[in-house]
Amino acid sequence: MAKLQSPDSLSTTLDWQDYLMNKTEELIKGLKSKSQTERLNAIEALGNSRNPDALDPLLECLSDKQSDVRREAVRALARLDDPRVIEYLLEATYDKDKQVVSMAAAWIGNYQDERIVKRLVDLLGKRNRKIRDSAELSLETLKRYAVKAITLLGLIQDKRAIEPIISALKDRDKKVRARATSALGDFRDERSVEPLIEALYDKYYGVRAGAAHSLGLYGDKKVVPRLLRGLNDEHRKVRYMVIWALGTLEDRSALDPLINCLTDESSEVRCRAIQTLSKFHDPKHKAVRPIIDALQDDSQWVRWKAADALGVLRDPTALPSLDAIVKLENDNTDFSFCGKTITEVAEESIQKIKMHSQESAT
């Protein structure tokens with residue numbers, strides 16, 4: 001059977017369209033040939049034509065009795081680059097012929113669809129090695145859309161997806177690696193701990209921050225020593241997220257390092273450190289004095305957080321400093337957060353401390 005000509009060999013676009021229509025009709029007739037070779041050649045040529053008119057005839061081939069016809073139909077349909085094809089390629093992954101399943105699994109990775117990810121994860125559990133390899137190949141192909149694909153894998157919450165996501169931590173694309181760290185946090189699976197610890201040393205700050213966040217979600221205090229190193233990270237976003245993670249783990253060994261963060265060059269980091277320390281269980285209230293000092297910080301955000309945190313800690317030693325904030329006439333009344341100025345927050349904290357002291361005395 002003759003191959004399709006190149007459009008360059010035809011004089012005009014109309015000539016090419018006429019030729020394509022006539023040739024497609026000829027190829028469709030070839031699908032009915034008694035010769036197996038001609039049928040397979042016709043299927044291949046229809047796929048190469050990328051003509052939408054070839055869709056329905058090729059779909060019929062998916063139900064052919066001959067498995068090699070169904071295999072060639074899968075390959076041809078994938079070449080059509082038609083979004084309608086995905087429904088039928090997914091259906092082909094349930095074919096009784098393992099080679100058809102393997103071929104369909106290898107092609108569906110070119111499409112973005114949540115159902116694809118679910119099906120590929122299912123196929124990873126098949127006994128047939130070729131099917132598993134094809135599923136893995138498609139998951140690799142999906143890395144072109146990996147940020148979305150990894151998100152879907154995390155949402156599915158199927159633990160068979162953990163290994164593909166872990167492998168994405170080595171991807172060349174920094175956004176892929178960053179999204180993988182977040183997705184692993186959704187699972188809270190022990191297999192992801194060591195890869196996430198390693199990701200704390202990634203060259204991209206977004207990956208390091210994401211790894212710290214996920215390790216905080218995991219909840220195992222054994223990661224604290226590794227997280228503590230992140231308090232010296234060059235990027236403030238990483239230091240911020242490490243502080244958040246240490247706050248969720250609430251390990252006593254992190255207390256002094258967290259207090260040191262109150263002098264960080266980033267006001268954002270200082271705010272997070274104050275908020276974390278205010279909820280950190282410390283019977284000795286070691287953080288109270290440093291947070292009182294933060295009432296004099298250059299940043300209004302930090303002063304607001306410090307005034308609020310002292311109300312949470314309810315330590316009477318903070319009363320004089322809070323009183324001074326209330327009496328001081330400066331920009332403490334110009335800045336507000338959550339509808340409250342620094343002065344108003346200080347007044348509320350004073351009331352909380354006094355009420356706590358009264359309750360403790362009775």
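**A tour by salt bridge, helix pair and buried residue**

Select Arg-191 to begin: its relative accessible area of 39% makes this residue partly exposed, a class that runs between buried (under 20% relative accessible area) and exposed (over 50%), computed with a 1.4 Å probe on protein chains only. The model on screen is predicted, so local features are reported only where pLDDT is at least 70 and side-chain atom pairs count only at pLDDT 80 or more, whereas totals for chains, interfaces and linings use all residues. Residues are numbered from 1 along each chain as its sequence is written, and side-chain values use heavy atoms, with hydrogens and water left out.

Add Asp-189 to the selection, and its side chain will be found meeting that of Arg-191 in a salt bridge at 3.0 Å, N to O; the term requires a side-chain nitrogen of Lys or Arg within 4 Å of a carboxyl oxygen of Asp or Glu. Asp-189 is buried, at a relative accessible area of 9%.

**Across to Lys-286**

Next, select Lys-286 together with Asp-256, whose side chains form a salt bridge of 2.8 Å, N to O. Lys-286 sits in the loop between α17 (267-278) and α18 (288-293) while Asp-256 belongs to helix α16 (residues 255-260), so this pair ties together parts that are 30 residues apart in sequence; helices here are DSSP runs of H or I with at least four residues, numbered from the N terminus. Lys-286 is partly exposed at 38% relative accessibility, and Asp-256 is partly exposed at 40%. Returning to the starting point, one can add Glu-163, since salt bridges with shared partners join Glu-163, Asp-189 and Arg-191 into one network.

**A buried pair**

A search of the whole structure finds 20 salt bridges, and another one to select is that between the side chains of Asp-64 and Arg-39, at 2.3 Å, N to O. This pair links distant parts of the chain, 25 residues apart, with Asp-64 in the loop between α3 (55-61) and α4 (67-79) and Arg-39 in helix α2 (residues 36-49). Asp-64 is buried, with 17% relative accessible area, and Arg-39 is buried as well, with 13%.

**Two helices side by side**

Display α4 with helix α5 (residues 85-92): they pack at an angle of about 155°, and their axes are 10 Å apart, where axes are lines fitted to C-alpha atoms over the stretch in contact and angles run from 0 to 180 degrees between N-to-C directions. α4 and α5 are therefore roughly antiparallel to each other, the term for angles over 145 degrees. On the α4 side, select Val-74, Leu-77 and Ala-78, and on the α5 side Val-85, Leu-89 and Ala-92, which together make the contact (heavy atoms within 4.5 Å).

**Two buried stops**

Select Ser-192, in the loop between α11 (174-187) and α12 (193-199). Ser-192 is buried, with a relative accessible area of 2%, and, when neighbours within four places in sequence are left aside, Ser-192 is in contact with Ile-166 and Leu-184.

Finish at Leu-277 in helix α17, a buried residue whose relative accessible area is 2%. Beyond its neighbours within four places in sequence, Leu-277 is in contact with Leu-255, Leu-258, Ile-259, Leu-262, Ala-287, Ile-291 and Leu-313. Of these partners, Leu-258 can be checked with a distance label, as Leu-277 and Leu-258 are 19 residues apart in sequence and 7.2 Å apart in space, C-alpha to C-alpha.

Notes. Parallel < 35°, antiparallel > 145°, perpendicular 65-115°, else oblique.
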